[in-house]
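Open your viewer and get ready to click along. We will move from the whole chain to single residues, one selection at a time.

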Amino acid sequence: MNRLLSVTLLCLIMLSSCNEIREPISPEDVNNTYSSGVVLIGVKYCHVMEMENGVKFYFTDFDKDGDLNFTTNQEEAPVAFHSGSGFFISSDGQIATNSHVAYPEIDEKKALAFFHTQSERIKSQVRKEIANLSDKISRLQERVASKYVNETRTQAQQDSLVASLAEARAAREKAQKILDTFDELSHLNGSLSTVAEIGVAYNNTFVDKISDFIPCVQLKDSKDYDVAIIQLKSKQTPNDRYIFDVEKPVKSDGYPAPDKNGKEIDVDEPSVGSKLYLIGFNHGLTIGTTAEGIKAQVVSGDVSQTVDDKEIMYTIPTLGGSSGSPVLNEYGDLVAVNHAGWNGTQGFNYGIRAIHLRELYHKKK
């Protein structure tokens, strides 16, 4: 009797365990279940360098020659645009992505050095302009003073010369003020800020222009781990969007359940060779736009290296625009946030371990 009871209990335990065992998911499952929670992020931005004397430079990013397109006129400020990927992590519209996607940056020291160097260039040009204007003023002064010597001149012509002299003097005075300003700027420090407008477009919707993006706000970020959280201004995640789980602590209350072989799934330490899926907008709108709206791509690969406690490396191919994409293990658990790759190759890319996103999510602003 006792033996029969023991066998019965063992069978019940085994059946209970079988109910908890998880099966690997297919690429189709990934697309059908998780892709609705992935968004395309678009950011319009402009950097501002305010010097200690109040002069402001408006600019975007360094070009291939190391120059900046800048202006001191706010109304003419240049605007840059970049895109990335993100994914919903709460019902109140919070979206995870990379810090470098949500918070466009530029090297402050390099930018300040550029403006100091540019100030010297401008000063050199302005000095030449002042010298040319001084020569012009001298010639005009001589002609005005000798109005009836060696030439016949009407009063109207004399008035025109006087007006030209006044204009040249005003131009030289303006140039001198510019010279004085940039002479001071050459030795001043500045503080950098970035003005950014950020929005998202939902997977499987139509997007034709920047104004189609749904407005968001920057919420918080961790530059040390290149993760960030933005939030819909409406603070409401649409009901038809999948929400990725960053709430549950790993290895608590039986979570996660074991794999098909009964082996514990370690979400924070995926083993080398284990399968991964990435869902994101490789190359932004360029590849994502279809006749049925924008669609995220599902790409797969394997863990190729557990780099350190910050990153994992995988063989998932990516292009620009996939930064901020969720990376899932073969059971659908979030294991990383895609953030970087090697130049010149698509096959070696890095993801920030999901634990650092969970830490940011639970961290107060």
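Contact here means heavy atoms within 4.5 Å. With that in mind, look at the whole protein chain: among contacts between residues at least 6 apart in sequence, 69% join residues at least 24 apart. Before you zoom in, note that this is a predicted model, where local features need pLDDT of at least 70, side-chain atom pairs count only at pLDDT 80 or more, and totals for chains, interfaces and linings use all residues. Residues are numbered from 1 along each chain as its sequence is written, and side-chain values use heavy atoms, with hydrogens and water left out.

**Stop 1: the whole chain**

Switch to a cartoon view. The protein chain holds seven helices and 16 strands. Both kinds of element are DSSP runs numbered from the N terminus: helices are H or I with at least four residues, strands are E with at least two. Of the 365 residues in the protein chain, 42% are buried. Buried means under 20% relative accessible area, exposed over 50%, and partly exposed in between, using a 1.4 Å probe and protein chains only.

**Stop 2: strand β1 and its partners**

Select residues 38–51, which form strand β1. Because 12 of its 14 residues are buried, β1 is largely enclosed by the rest of the structure. Which strands pair with it? Two strands pair if DSSP finds at least two bridges between them. Strands of a sheet pair through backbone hydrogen bonds, either parallel or antiparallel.

Add these partners to your selection:

- β6 (190–202) is antiparallel to β1 and joined to it by 13 bridges; find M49 opposite L192 in β6.
- β4 (residues 80–88) is antiparallel to β1 over eight bridges; here K44 has F81 as its bridge partner.
- β2 (residues 56–59) runs antiparallel to β1, with four bridges between them; look for E50 opposite K56.

Now zoom in on the hairpin of β1 and β2, where four residues lie between the strands. G54 takes a positive phi near 95 degrees in this hairpin.

**Stop 3: two unusual backbone angles**

Most residues other than glycine have a negative phi, and most peptide bonds are trans. Select N204, which is not a glycine yet has a positive phi of about 70 degrees. You will find N204 in the loop between β6 and β7 (214–222). Is N204 buried, exposed or partly exposed? Its relative accessibility is 44%, so N204 counts as partly exposed.

Next, select D226, another non-glycine residue with a positive phi, this time of about 55 degrees. D226 sits in the loop between β7 and β8 (227–232). D226 counts as buried because its relative accessibility is 11%.

**Stop 4: cysteines**

A disulfide is a covalent bond between the sulfur atoms of two cysteines. How many disulfides does a search of the whole structure find? The search finds zero, taking a disulfide as a pair of cysteine sulfur atoms within 2.5 Å. Select C46 and C216 to look at two residues that count as buried: C46 has 8% relative accessibility, and C216 has 6%.

**Stop 5: a pair of helices**

Select residues 108–145 for helix α4 and residues 155–185 for helix α5. The two helices pack at an angle of about 160 degrees, and their axes are 8 Å apart. That angle is why α4 counts as roughly antiparallel to α5. Angles over 145 degrees count as roughly antiparallel, under 35 as roughly parallel, 65 to 115 as roughly perpendicular and the rest as oblique. Axes are lines fitted to C-alpha atoms, for helices over the stretch in contact, and angles run from 0 to 180 degrees between N-to-C directions.

**Stop 6: the barrel**

Colour β9, β12, β13, β16, β15 and β14: in that order, these six strands close into a barrel with antiparallel pairing. From one strand to the next, the twist averages 45 degrees. Within the barrel, pick β12 (residues 297–305) and β13 (residues 311–314), an antiparallel pair with two bridges. V303 stands opposite Y314 in β13.

Finish by selecting helix α2 (residues 27–34), which lies across β9 (275–280), β12 and β14 (326–329) and runs at about 40 degrees to β9. Within α2, click on E28. E28 counts as exposed because its relative accessibility is 56%. For a last pair, select E28 and V298: they are 270 residues apart in sequence and 8.7 Å apart in space, C-alpha to C-alpha.
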